[in-house]
Amino acid sequence: MTNDALHRRHLAELVRAAKDDVAELVVARMESEHPKRWAALTAGARAHARTDITYHVEFLAGSLELGEPHLFEDYARWASRVLSARGLDLGGLRTSLEHAGAALRDRLGATGTRDLDATLAQGIACIAEPPESAATADEDALALTRSLFLQAILRGERQAAHNVVMEARDRGHAVIDLYVDVFQEALYEVGRLWERNEIPVASEHMATATAQFVLTQMYDHLPRSSERRGRAIVTGVQGEQHQVGAYMIADLLESDGWSVRFLGTNMPHAGILTAIEEHEPELVGISVTMLGSLPSVRDLIDSIRRDHDVRIVVGGGAFRASTDGWRMVGADGYAPDLRSAAEVVRRLASA
Ligand code: B12
C-alpha cells in the first residue's frame with residue numbers, strides 16, 4: 001500500500017472513530033442555534049437526526065479513504081433528493097455538514113484537514129434541489145414484464161409477481177435477463193420511489209420480500225453447466241442488510257458450475273471464517289451495498305487472507321461509482337453486475 005493510501009486510511013479511521021461524538025456535537029450546536037425548532041422535536045426525531053449525521057460522516061470517511069471526492073458529491077446529491085422529497089429544508093443538511101466539518105477539524109488537528117475540507121466543500125457544493133426527473137424511454141423487451149412485476153411487488157401480490165415472471169420465461173427470456181432486467185431493475189425503481197418519498201419504508205420491505213420470494217422459485221429454472229469449477233462461498237458483511245444481489249450471484253455461480261454456499265448477509269465475520277474452514281472454497285464472493293460497510297469488508301478480507309489461500313471477488317453498490325474501491329479493500333476482482341460476474345470469476349479462477 002502506498003504512503004498516500006495509508007495516510008487516507010488513517011484519516012478515514014480517525015473520522016469514523018469520531019462519528020458518534022461529532023453527531024452529538026452537531027445536534028447540540030444546531031439545538032443551541034434554533035432552540036424553539038428543536039424543542040418541538042420528539043426524542044425519536046432527535047435520535048433520527050443524530051443517526052443521519054453518523055451516516056454523513058461514514059460516507060465522508062469512505063470517500064476520503066478511497067481518495068474519490070466524487071463519491072461524497074454523489075452522497076450529497078442523494079441526501080438532497082431524499083430530504084427534498086420529504087419537504088425538508090436543505091439548509092439543515094448544509095449546516096450539519098459544515099458543523100460536522102468544524103467538529104472534525106477540532107478533533108483531527110493538522111491530520112489531513114486539507115483533504116477533509118476539500119471533500120466536504122465539494123459535497124456541500126452539490127447540495128441542491130433535484131431537477132424534475134425527465135421521463136425515460138422504457139422500450140426494452142422486458143419493459144412490460146418489469147412494470148407489471150413492479151406493480152405486483154409493491155402490492156405484495158406474490159402469485160401475480162410469480163406469474164408475470166414465469167410468463168416471460170415461457171416466452172423464452174433467459175433467467176439471467178429476468179434477474180437483471182426485471183428483478184434488479186424493479187428493485188432499483190423501488191429504491192427510487194422510496195428516495196422520492198412516494199412509498200413508505202414498509203412498502204420497500206414488502207416489495208423486497210415479495211421479489212425475494214419469487215426469486216427463490218427461479219432456482220429450479222436455472223440453466224446448469226456441466227463444468228465442475230470448484231467451491232465458492234457468497235456472503236455479505238457484518239452491518240450490511242442488502243442481500244438480494246448476493247443471492248443472485250450465488251445462483252449465477254451455481255448455474256455456471258460452482259458448488260456454492262450462500263451465507264446471506266449481516267453475518268458475524270467469525271461465522272464467515274468458520275464457513276470457509278468447513279467448505280474450503282477456492283472462491284469467496286462478497287457483496288457490499290453501503291459505502292459505510294467498507295471497513296467491515298476490508299477487515300473481513302484481511303482476516304480471510306491471514307489463514308486461507310482463496311480468490312476474493314467483490315461487488316455491489318458500494319463499488320459501483322468508485323474506480324479503485326475494490327482494490328483498496330484488498331479484493332482480487334470486481335464485477336459491476338450479474339452479466340459480467342461469471343466472466344470475471346472464471347478469469348480469476350484460472351489466473
Ligand atoms: C431492498 C433494499 C433495502 C432492504 C434490503 C433487504 C434485503 N433483504 O436485501 C432494506 C429495507 C433492509 C434496506 C435497508 C437500507 N437501505 Co436499502 N435499498 C434496497 C433497494 C430498494 C434494493 C436493493 C436490491 O436488492 N437491489 C437489487 C440487487 C440485485 O442489486 P445490487 O445489490 O446492485 O446487485 C447487483 C450488482 O451490484 C452486483 N453485485 C451485488 N453483489 C455482488 C457481489 C459480488 C461478489 C459480485 C461479483 C457482484 C455483486 O450483481 C447484482 C446483480 O446484477 C436499494 C435500491 C438500489 N438502487 O439498489 C436500496 C438502497 C441500496 N438502500 C439505501 C438505504 C439508504 C438504506 C438504509 C440506510 C435506509 C432504508 N432505505 O431503509 C438501510 C441501510 C441498511 C444497511 N445497514 O444495510 C439506499 C443507499 C443510498 C446510498 N447513498 O448508498 C438505496 C440505493 C435506496 C435509495 N435509492 O436511496 N434497503
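User: Which classes of residue make up the shell around the ligand, and how many are in each class?

Analyst: The classes are set by residue type: Ala, Val, Leu, Ile, Met, Phe, Trp, Tyr, Cys and Pro count as nonpolar, Asp, Glu, Lys and Arg as charged, and the others, Gly among them, as polar. In this predicted model, the shell has 19 nonpolar, 15 polar and five charged residues. Local features need pLDDT of at least 70 and side-chain atom pairs count only at pLDDT 80 or more, while totals for chains, interfaces and linings use all residues. Residues are numbered from 1 along each chain as its sequence is written.

User: How many residues surround the ligand, and which are the closest?

Analyst: A residue is near a molecule if its C-beta atom, placed from the backbone, lies within 6 Å of it. Here 39 residues surround the ligand, and Gly191, Val244, Gly245, Ser287 and Gly315 are the closest. Among the elements that give two or more residues to this shell are helix 12 (244-255), strand 3 (283-287) and strand 4 (311-315).

User: Which helix gives the most to the shell?

Analyst: Helices (H or I, at least four residues) and strands (E, at least two) are DSSP runs, numbered from the N terminus. Helix 10 gives the most, with nine residues.

User: Where does the ligand lie with respect to the domains?

Analyst: Domain bounds come from an automatic or database domain assignment. That assignment gives domain 1 (3-125), domain 2 (143-219) and domain 3 (230-350). Both domain 2 and domain 3 give residues to the shell, so the ligand lies between them. The C-alpha centres of domain 1 and domain 2 are 34 Å apart.

User: What span should helix 9 have at 1.5 Å a residue?

Analyst: The expected span is 1.5 Å times one less than the number of residues. For the 13 residues of helix 9 (residues 158-170) this gives 18 Å, which agrees with the 18 Å between its end C-alpha atoms.

User: Which residues of helix 9 are buried?

Analyst: A residue is buried if 20 or more other C-beta atoms lie within 10 Å of its own, exposed if 12 or fewer, and partly exposed in between, with C-beta atoms placed from the backbone. In helix 9, Ala161, Val164, Val165 and Ala168 are buried. Seen down the helix axis, the buried residues fall within an arc of 90° (taken from the directions from the axis to the C-beta atoms), so they line one face of helix 9. On the other side, Gln159, Glu167 and Asp170 are exposed.

User: What follows helix 9?

Analyst: Gly172 follows helix 9, with a positive phi near 105°.
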